[in-house]
Each structure stands twice: as C-alpha cells, then as structure tokens.
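I opened this notebook to keep track of what I looked up, entry by entry.

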Amino acid sequence: MNKPTNDYEALVLALKLSITADTDEQFNRALIMASEFAAKLTDIEVARAKKEVEVIHEIQKTNQ
C-alpha cells in the first residue's frame, strides 16, 4: 500500500481501512482518521473520495 501524499489520498486510505477493518476498534480508528482528513477537504472532494472507495470496493468484490 502506497503512503498517502496529501489529505485526499489519506482520506481514501482511511475509508478503505474502515471498510476492511477486522475489529470494531480498527473500524473506529479508521473512522476517526477519515473524519480528521475530511475536515480538511471540501464537500466535493469528500464526496469524490467516497465514490472512489465505493468503486474500488465493488471492483474488488467482483474479482473475488
């Protein structure tokens, strides 16, 4: 996994981590991180990040 280079990439990664979390603790930590990164972005950027993660998740589910 590549290291994020900006808040948008960090948000995408945190959202991915929240979806794939194995425990409630991991989910909650990822959600907190996602909230912190989202606070630094515009609503449009946040919506775009959510959509990106949704598409990636659907593709991964299809390929399994």
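Against which elements do the buried residues of α1 pack? I looked this up and found that they pack against α2 and α3, where helices are DSSP runs (H or I, at least four residues) numbered from the N terminus. The model is predicted, with local features needing pLDDT of at least 70, side-chain atom pairs counting only at pLDDT 80 or more, and totals for chains, interfaces and linings using all residues. Residues are numbered from 1 along each chain as its sequence is written, and side-chain values use heavy atoms, leaving out hydrogens and water.

I then listed the buried residues of α1 (under 20% relative accessible area, 1.4 Å probe, protein chains only), and they are Tyr8, Ala10, Leu11, Val12, Leu13, Ala14, Leu15 and Ser18.

Next I checked the length of α1: its 14 residues should span 20 Å at 1.5 Å a residue, and its end C-alpha atoms are 20 Å apart, which agrees. The expected span is 1.5 Å times one less than the number of residues.

I turned to the largest nonpolar core (buried Ala, Val, Leu, Ile, Met, Phe, Trp, Tyr and Cys residues joined through side-chain atoms within 4.5 Å), which has 11 residues, among them Tyr8, Ala34 and Val53. The elements giving two or more residues to this core are α1, α2 (24–38) and α3, and the largest share, five residues, comes from α1.

Last, I looked at valine 46, which, leaving aside its neighbours within four places in sequence, is in contact with Leu11, Ala38 and Leu41, contact being heavy atoms within 4.5 Å.

How values were computed: Buried means under 20% relative accessible area, exposed over 50%, partly exposed in between (1.4 Å probe, protein chains only).
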